[in-house]
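Work through the exercises below with the structure open. Try each task before reading its solution.

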Amino acid sequence: MEFSHKKIEKKWQKYWEAKQTFKTTQNHDKKAYVLDMFPYPSAAGLHVGHPKGYTATDVFARMRRMQGYDVLHPIGWDAFGLPAEQFALKTGNDPREFTAKNIETFRKQLKTLGFSYDYNKEVNTSDPNYYKITQWIFEQLYKQGLAEIRNANVNWCEELGTVLANEEVIQVNGKMVSDIGNFEVVKKPMRQWVLKITNYADRLLAGLDGLDWPSSVKELQKNWIGRSEGLTINFKIKDSETIVPVFTTRADTIFGVSYVVLAPENENLLKITTPDKLKVVQEYIDNTKTKTDVERQDNSKEKTGVFTGAMAANPINGELVQVWTADYVLNDYATGAVMAVPAHDDRDWKFANKYNLPIRFVIATKDESKAFVGEGQHINSDFLNGLQRVEAIQTVSKKLVAEKQAEVKVNYKLRDWLFSRQRFYGEPFPILFLENGEIALVDEKDLPLTLPKTDYIKPSGTGESPLANIKEWVNVEYKGQKAVRETNTMPQWAGSCWYYLAYILTTSPNELIDITSTEAMELFKKWLPVDLYIGGQEHAVLHLLYARFWHQVLFDLKVVPTPEPFQKLINQGMILADNGEKMSKSKGNVINPDEIIDSHGADTLRLYEVFMGPLEASLPWSYKGLDGARKWLDRVFRMFEVVKLTTKNNHNLDFVYNDAVKKVTQMIEDCKFNTAVSQLMVFVNAVYKETEPVYDVYIKNFLKMLSVYAPHLAEELWEKIGEQPSVCLQAWPIHDEAKLVLDKVTIAVQINGKLRATFEAVKGLDKVAILNEAKKLKNVAEQVEGKTLLKEIVVPDKIVNFVIK
Ligand code: ANZ
């Protein structure tokens with residue numbers, strides 16, 4: 001007989017809701033904060049990829065709850081976002097209503113999956129109670145000097161009418177386009193709020209060491225931060241007061257400098273260009289504007305540049321070298337100028353060859369037909385001759401620094417974070433520009449500064465946000481002065497930077513206690529850091545770096561007690577279409593979880609998604625696999641129709657049961673959710689084989705373990721055997737190690753029927769393990785060596801026979 005998932009799933013969802021089964025507790029010393037990356041509530045609803053990570057965290061949270069931990073397992077909505085804004089601009093509808101509707105759908109869908117979230121803790125980043133604190137955090141950043149207005153060269157997307165962060169821009173055919181929508185992006189100088197994340201670069205690097213994160217994600221963050229130690233060396237321009245500082249990590253090659261290059265945007269460029277070269281240099285500057293940074297740095301592209309007419313003095317020996325401008329030097333890295341050493345740098349090598357500039361080798365190499373970037377002895381380098389790289393760098397640095405020709409400098413690839421978006425649907429900045437030119441913060445007691453109600457959101461037409469149209473909102477009085485509000489809003493990352501703190505502060509949906517209260521601090525001490533955080537790899541550098549930055553600032557302000565927010569992180573793999581392609585609306589291969597829940601049940605979907613493979617792997621969807629998951633649940637259900645229970649242990653299942661408990665527990669602990677399911681399957685097979693009644697404790701404890709994967713069915717069966725719900729709140733079983741000590745047996749090993757060796761093994765060892773052991777025996781290995789193995793026969797616990805030729 002099969003079970004009706006439709007009937008039992010609704011029944012138990014109602015029960016859990018009514019009984020508040022998964023309400024966060026505060027009764028134990030042990031705690032587990034188990035967190036999902038919260039979703040953007042899109043109009044498309046839940047994707048079949050969502051339940052993969054969500055089931056994984058749910059299994060973990062459920063086990064922890066049953067192990068007697070206080071568990072915080074919340075969900076919420078990353079609810080500001082571009083799609084709602086675009087919908088509003090197109091249709092004239094309010095993005096708030098649109099978002100609220102999508103949230104309804106998402107919540108309903110999540111509930112049908114039986115996740116053990118505490119919905120009292122629900123947060124919504126676009127709720128004024130929520131963004132009140134986002135604005136408060138911004139005010140702290142401002143007060144710390146970590147937020148400032150700068151004229152920055154930004155990525156401007158005309159079609160979206162907004163600036164995008166570097167991370168939101170991708171390359172398509174060498175052109176910059178927006179990550180969302182693939183619209184053209186160009187560089188343009190604009191007044192922007194920036195957050196000085198670079199002040200925290202070293203902290204963000206150092207903090208990675210203590211985290212239990214995938215090494216690939218740590219590596220991505222390290223590269224993104226891109227710490228580089230070197231020297232800024234001053235080159236004085238001949239017949240001018242101008243000094244051009246260059247940044248180099250290879251000061252040891254200074255005797256090989258054959259020219260100096262300034263980025264086209266370098267502020268010194270036009271100052272030093274000689275009058276006869278002004279026209280070509282200006283033309284070159286204009287041409288560069290259409291190029292992307294990636295194109296400029298692409299080493300396969302031919303290098304271009306022009307001579308400025310200026311000469312610069314090499315501070316090590318006074319030698320005069322030409323000064324050029326070339327776009328392979330970027331202005332917003334280090335000083336925007338380099339000393340070029342073609343003999344030992346590929347880019348400079350190509351450039352020097354193209355423009356016939358001198359090439360001087362200063363490190364010995366046999367092959368002078370290309371740039372030599374390896375290690376070797378210094379030559380043609382005066383006092384550095386004979387030294388190796390490290391020593392040479394130290395020696396020349398010491399000298400140049402002592403002579404005040406250079407400074408030791410650390411540079412980062414990490415850029416300050418452009419924090420303004422020209423959008424309506426984001427957090428308003430709590431900022432006022434006063435008539436007297438000063439900037440004021442909205443008083444803390446007046447937060448939140450809410451988005452105005454408006455009938456119609458229109459583009460401003462000026463590149464400003466649609467808020468600029470709403471004059472009553474923009475123009476205000478502030479302490480007797482006229483003032484205008486900032487019309488930009490914050491990027492979507494803002495809300496997701498601290499949502500894991502918001503859950504802790506939330507008492508009922510969107511009601512948050514004061515983040516600076518002692519109560520908040522007590523709660524932070526209880527719950528932080530997040531013990532398990534599961535989400536997509538796409539957030540490796542953006543969200544995870546920004547959130548760490550805010551957390552570190554809040555730590556310095558003594559708002560939070562831990563230096564890092566997320567202790568353990570796992571990236572879940574994607575669920576691909578059955579042909580291995582990415583699921584996408586345009587390909588029409590998206591699978592809707594609602595349909596699967598309807599046809600197979602939520603328990604089946606949950607089980608299938610975590611059983612299909614390791615959590616981290618991206619794997620194709622398979623209906624066969626889905627059917628398989630359902631078949632196994634049916635098998636479990638049928639088991640309860642036939643099994644006879646006894647309160648007296650006959651010890652028949654001692655080993656299988658204790659082995660299952662031990663392995664399931666350890667595997668869930670290690671987030672190996674798929675292999676833990678296999679152990680449950682082994683147990684069920686053993687029960688089916690039993691001819692005598694089964695010890696009821698084992699069966700009950702099996703249901704407890706089942707409940708983390710298939711909570712509805714487990715709850716139903718729990719009731720069926722006469723127990724009181726909820727199985728989800730029972731104590732997690734503990735295995736008895738004594739029952740795992742197995743009897744030993746002696747296994748005979750034959751070769752072509754003749755006894756060659758014997759060995760001891762634990763009773764019940766499987767065939768593969770027996771074969772492995774047998775092959776390791778000296779006597780056997782010698783006989784088999786060089787022969788063809790025709791057949792391997794194993795009779796478990798007894799004998800192995802190898803047939804060889
Ligand atoms: C001389 C030299 C000789 C260099 C040599 C390399 C090899 P990272 O590790 O990325 O910091 N550089 C400095 N500023 C630059 C800019 N704004 N745009 C493009 N390139 C720039 O690398 C630092 C090296 O990149 C510096 O060291 C400089 O070239 C170049 F045999 O200086 B080197």
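Two exercises follow, one on the ligand and one on a strand.

This is a predicted model: local features need pLDDT of at least 70, side-chain atom pairs count only at pLDDT 80 or more, and totals for chains, interfaces and linings use all residues. Residues are numbered from 1 along each chain as its sequence is written, and side-chain values use heavy atoms, with hydrogens and water left out.

**Exercise 1.** Find the polar contacts of Thr248, Leu330 and Tyr333 with the ligand.

*Solution.*
1. Start with the shell: 18 residues surround the ligand, each with a heavy atom within 4 Å of it. Ser228, Thr248, Leu330, Tyr333 and Lys413 come nearest.
2. Apply the polar contact cut-off, a pair of N or O atoms within 3.5 Å.
3. Thr248 places a polar side-chain atom 2.7 Å from a ligand oxygen atom.
4. Tyr333 does so at 2.6 Å, again to an oxygen atom.
5. Leu330 uses a backbone N or O atom, 2.7 Å from a ligand nitrogen atom.
6. Check burial: the ligand alone exposes 640 Å², and the protein buries 86% of that (Shrake-Rupley method, 1.4 Å probe).

**Exercise 2.** Which strands does β10 pair with, and over how many bridges?

*Solution.*
1. Take strands as DSSP runs (E, at least two residues), numbered from the N terminus. Pairing needs at least two bridges found by DSSP.
2. β10 (residues 227-237) runs antiparallel to β16 (residues 406-412), with seven bridges. Ile233 stands opposite Ala406 there.
3. Six bridges join β10 to β11, also antiparallel. Phe235 partners Val244.
4. β13 (residues 305-313) pairs antiparallel with β10 over two bridges. Lys236 partners Ala313.

Conventions: A polar contact is a pair of N or O atoms within 3.5 Å; within protein, one must be able to donate a hydrogen and the other to accept it, and residues adjacent in sequence count only if both atoms are side-chain atoms. Helices (H or I, at least four residues) and strands (E, at least two) are DSSP runs, numbered from the N terminus.
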